[in-house]
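Trainee: I have a protein open on my screen and no idea where to start. Can we go through it together?

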Amino acid sequence: MVITQIPGDRTRFFAAEIEGAIVSFSAQNPTSKTVVGRVPGVVYAEGESGLLGMAFHPRFAQNGYVYLSFVRIGTDDVESLIIRMQSPDNGLTFGNPVTILGPFAQPAANHKGGDLHFGPDGYLYASFGDGGLSLIHISEPTRPY
């Protein structure tokens, strides 16, 4: 779902797989991937859901933080959340998940979003879908534009 690199490290790529795995592979002549982490719990990977976003902290070399946005199976419904995981070994492994935002309900199977990026201001920006077409109520006819 996402492919990115650690800031300042162009030797390897990291990918977020829809079912919740974080994998890495060499940037030069990649022949295999290595699972370096997995989001906690049961990831809901049906339809437009799953592990949808991943962003390395701009100061990853100092703090080892990666942020992940995903949809999981909750108590009553599926739900979206953002977690932070940490790597003690420069991206060889990731653990210690901490919830940063959410969880919040995603009652429909469509219109999910989960993109994550750090802006030039250093803030983490996240996008989420509208929760599905079932939440939209149109009270007047749609007019052509």
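Mentor: We will go from the overall layout to the sheet, the core and a few single residues. Keep in mind that this is a predicted model.

Trainee: Fine. How many helices and strands does the protein have?

Mentor: There is 1 helix, and there are 10 strands. Along the sequence the pattern reads β-β-β-β-β-α-β-β-β-β-β.

Trainee: What share of the residues is buried?

Mentor: Of the 145 residues, 38% are buried. On the outside, the protein exposes about 8,500 Å², and 53% of that comes from carbon and sulfur atoms.

Trainee: And what share of the contacts links residues 24 or more positions apart?

Mentor: Such pairs make up 41%, counting contacts with a separation of 6 or more.

Trainee: Now the sheet with strand 5 in it. In what order do the strands sit?

Mentor: The order is 5-6-7-8, in an open sheet of 4 strands with antiparallel pairing. Strand 5 (51–56) and strand 8 (95–105) each have a single partner strand, so they stand at the edges and one side of each has no neighbour in the sheet. On average, neighbouring strands here are turned by 20° against each other, with direction ignored.

Trainee: How many bridges join strand 5 to strand 6?

Mentor: There are 5 bridges between strand 5 and strand 6, which covers residues 65–73. To see one, find Leu 51: its bridge partner in strand 6 is Phe 70.

Trainee: Change of topic. Which residues of the largest nonpolar core touch the most other members?

Mentor: Those are Met 54, Leu 68 and Phe 94, in a core of 19 residues. Strand 2 (12–16), strand 5, strand 6 and strand 7 each supply at least two residues of this core.

Trainee: What does Phe 94 touch, beyond residues up to four places away in sequence?

Mentor: The list includes Phe 14, Val 36, Phe 56, Phe 60, Val 66 and Met 85. Gly 37, Gly 64, Gln 86 and Ser 87 are also among the residues that Phe 94 touches.

Trainee: Next, Glu 79. Is Glu 79 buried or exposed?

Mentor: Glu 79 lies in strand 7, residues 78–86. Its relative accessibility is 15%, and buried means under 20%, so Glu 79 counts as buried.

Trainee: Which side chain makes a polar contact with the side chain of Glu 79?

Mentor: That of Arg 72, at 2.7 Å. Glu 79 also touches Phe 70, Val 71, Pro 103 and Phe 104, among others outside four places in sequence.

Trainee: Arg 84 is in strand 7 too. How does its accessibility come out?

Mentor: Arg 84 is partly exposed, with a relative accessible area of 21%. Leaving aside neighbours within four places in sequence, its contacts include Tyr 65, Val 66, Tyr 67, Asn 96 and Pro 97.

Trainee: And how far is Arg 84 from Val 39?

Mentor: Their C-alpha atoms are separated by 9.6 Å, while the two residues are 45 apart along the chain.

Trainee: Last one, the helix. Where does Asn 63 lie?

Mentor: Asn 63 lies in helix 1, which spans residues 60–63. Asn 63 has 15% relative accessibility, so it counts as buried. Residues up to four places away aside, Asn 63 touches His 57 and Gln 86.

Trainee: Gln 86 came up before, I think.

Mentor: Yes, Gln 86 is also one of the residues that Phe 94 touches.

Definitions and conventions:
Residues are numbered from 1 along each chain as its sequence is written. This is a predicted model: local features need pLDDT of at least 70, side-chain atom pairs count only at pLDDT 80 or more; totals for chains, interfaces and linings use all residues. Side-chain values use heavy atoms; hydrogens and water are left out. Two strands pair if DSSP finds at least two bridges between them. Axes are lines fitted to C-alpha atoms, for helices over the stretch in contact, and angles run from 0 to 180 degrees between N-to-C directions. Buried means under 20% relative accessible area, exposed over 50%, partly exposed in between (1.4 Å probe, protein chains only). A polar contact is a pair of N or O atoms within 3.5 Å; within protein, one must be able to donate a hydrogen and the other to accept it, and residues adjacent in sequence count only if both atoms are side-chain atoms. Contact means heavy atoms within 4.5 Å. A nonpolar core is a set of buried Ala, Val, Leu, Ile, Met, Phe, Trp, Tyr and Cys residues joined through side-chain atoms within 4.5 Å. Accessible areas come from the Shrake-Rupley method with a 1.4 Å probe; for residues, only the protein chains shown count as cover.
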